[in-house]
Structures are given as C-alpha cells and as structure tokens.
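Subject: Structure handover

Hello,

Here is the structure you asked for, with notes on what was found in it. Please read the notes with the model open beside them.

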Amino acid sequence: MTEQHSEGCKRLLSLMGVPVIEAPSEAEAQCAALCKSGKVYAVASEDMDSLTFGAPIFLRHLMVSGSKKVPVMEFEVAKILEDLNLTMDQFIDLCILSGCDYCESIRGIGGKTALKLINQHSCIENILKNINREVMLIQSFK
C-alpha cells in the first residue's frame with residue numbers, strides 16, 4: 001500500500017462522512033484509547049495487542065470472509081483479568097513473556113509457563129531476577 005493509496009482512502013472516507021483518525025504511533029493503542037473513552041464499542045482486529053493496550057472489548061475475526069465460517073470472538077479484558085486472577089500490569093507482563101511485537105521472546109516460555117511464572121513471582125522484573133537461564137535453555141531443547 002502506497003502513501004497515495006492511504007491518502008485516497010482517507011479522502012474517500014471523509015467524503016462519505018466517516019471520521020478518520022490517524023494514530024500518532026501504534027494503531028492498537030489508539031483504538032484501545034477510543035474504546036476506553038467510550039467513543040467506540042470495541043476494537044476489531046486480528047492483533048491481540050489491543051488487549052494489552054487495555055481495550056475493554058476486543059473483537060477478533062470480524063473481518064473474516066463469511067465463506068470461512070469463523071465465528072467472531074469477543075473478549076472482555078476485565079473478565080480475562082478476573083479469570084486469570086491478574087492485575088492489568090501482570091497481564092501485560094504475561095503478554096510480554098508469551099511473546100509480543102515489541103521485544104524478542106524468551107526461548108522456552110509460552111503462555112502456560114508465562115502464567116505459572118507470573119503466579120510464582122508476581123512481575124516480569126522478579127521473574128528475570130530469579131529465572132535460571134541455563135534450565136530454560138535446556139528445557140527449550142527437549
């Protein structure tokens with residue numbers, strides 16, 4: 001997609017009366033902020049980072065073709081936090097440990113291990129202080 005495509009799309013949307021908002025950085029962060037402020041009902045994306053940015057309601061598979069028959073999934077961040085018994089800060093740490101777009105993942109740590117580590121150590125800083133890197137590397141080769 002070129003800059004010309006982007007500008008043409010924004011112009012078309014404006015002519016149709018559809019508001020256009022340009023995110024100053026990450027689109028997921030901007031969408032989550034709009035949702036938190038009540039300006040939109042939910043964030044629809046395939047990128048789960050929207051939950052990490054605190055979108056209260058997140059919809060996945062909304063734009064999937066009807067022929068694929070994939071149901072739209074609705075996530076509520078408050079319910080996720082309650083079910084996992086985590087604070088928002090712990091949830092962000094869990095997402096980082098599980099792998100994210102902004103840093104390299106730690107070999108051998110997936111979602112289950114990340115949740116176990118958060119429950120044991122409370123935060124990513126304590127995990128990194130206490131993690132035995134040699135054991136994690138050995139486990140990753142099993």
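Two residues are said to be in contact when heavy atoms of theirs lie within 4.5 Å. That is the sense of packing used for helix α5 below. Please keep in mind that this is a predicted model.

Overall layout

The protein has eight helices and three strands. Their order along the sequence is α-α-β-α-β-β-α-α-α-α-α. The C-alpha trace spans about 60 × 35 × 35 Å along its principal axes. The radius of gyration is 19 Å, whereas a compact globule of 142 residues would have one near 14 Å. Of the 142 residues, 26% are buried. Taking contacts between residues at least 6 apart in sequence, 29% join residues that are at least 24 apart.

As for the surface, about 9,900 Å² is exposed, and 56% of that comes from carbon and sulfur atoms. The protein carries 14 positive and 18 negative charges, and the mean positions of the two sets are 6 Å apart.

Helix α5

Helix α5 covers residues 88-98, and its buried residues are Gln90, Phe91, Asp93, Leu94, Cys95 and Leu97. What do the buried residues of α5 pack against? Their partners are α3 (49-52), α4 (77-84), α6 (111-121) and α7 (124-130). After α5 comes glycine 99, which has a positive phi, near 115 degrees.

Two positive phi values outside glycine

Most residues other than glycine have a negative phi. Histidine 61 has a positive one, near 75 degrees. Histidine 61 sits in the loop between β2 and β3. Is histidine 61 buried or exposed? Its relative accessible area is 17%, which is under the 20% limit, so histidine 61 counts as buried.

Asparagine 85 is not a glycine either, and its phi is positive at about 55 degrees. Asparagine 85 lies in the loop between α4 and α5. With a relative accessible area of 66%, asparagine 85 is over the 50% limit and therefore exposed.

The aromatic pair

How many aromatic pairs does the count come to? The count comes to one aromatic pair. The ring centres of phenylalanine 58 and phenylalanine 75 are 5.9 Å apart and the ring planes stand at 40 degrees; the pair is tilted because that angle is neither under 30 nor over 60 degrees. Phenylalanine 58 belongs to strand β2 (residues 57-60) and phenylalanine 75 to strand β3 (residues 73-76), so the pair links distant parts of the chain, 17 residues apart. Both phenylalanine 58 and phenylalanine 75 are buried.

For phenylalanine 75, the relative accessibility is 18%, so this residue falls under the 20% limit for buried. Setting aside neighbours within four places in sequence, phenylalanine 75 contacts Met48, Leu51, Pro56, Ile57, Phe58, Arg60 and Ile80. Phenylalanine 75 and glutamate 3 are 72 residues apart in sequence, and their C-alpha atoms are 33 Å apart.

Two buried alanines

Alanine 32 is in helix α2 (residues 27-36). Its relative accessibility is 0%, so alanine 32 counts as buried. Which residues does alanine 32 touch, not counting those up to four places away in sequence? They are Val43, Ser50, Phe53, Gly54, Ala55 and Pro56. The C-alpha atoms of alanine 32 and valine 72 are separated by 18 Å, with the two positions 40 residues apart along the chain.

Alanine 55 is in the loop between α3 and β2. Alanine 55 is also buried, at 0% relative accessibility. Leaving out residues up to four places away in sequence, alanine 55 touches Ala32, Val43, Ser50 and Val77. Val43 and Ser50 are thus among the residues touched by alanine 32 and among those touched by alanine 55. Alanine 55 and asparagine 126 are 26 Å apart, C-alpha to C-alpha, and 71 residues apart in sequence.

Regards

Terms used. Residues numbered from 1 in each chain as written. Predicted model: local features only at pLDDT ≥ 70, side-chain atom pairs only at ≥ 80, totals over all residues. Heavy atoms only, no water. Phe/Tyr/Trp six-rings, centres within 6.5 Å; stacked < 30°, edge-to-face > 60°. Helix = DSSP H or I, 4+ residues; strand = E, 2+ residues; numbered from the N terminus. Buried < 20%, exposed > 50% of the residue type's maximum accessible area, 1.4 Å probe, protein only. Rg over C-alpha atoms; globule rule 2.2 N^0.38 Å. Areas by Shrake-Rupley, 256 points an atom, 1.4 Å probe, with all protein chains shown as cover. Lys, Arg positive; Asp, Glu negative; His and termini not counted. Charge placed at Lys NZ, Arg CZ, Asp CG, Glu CD.
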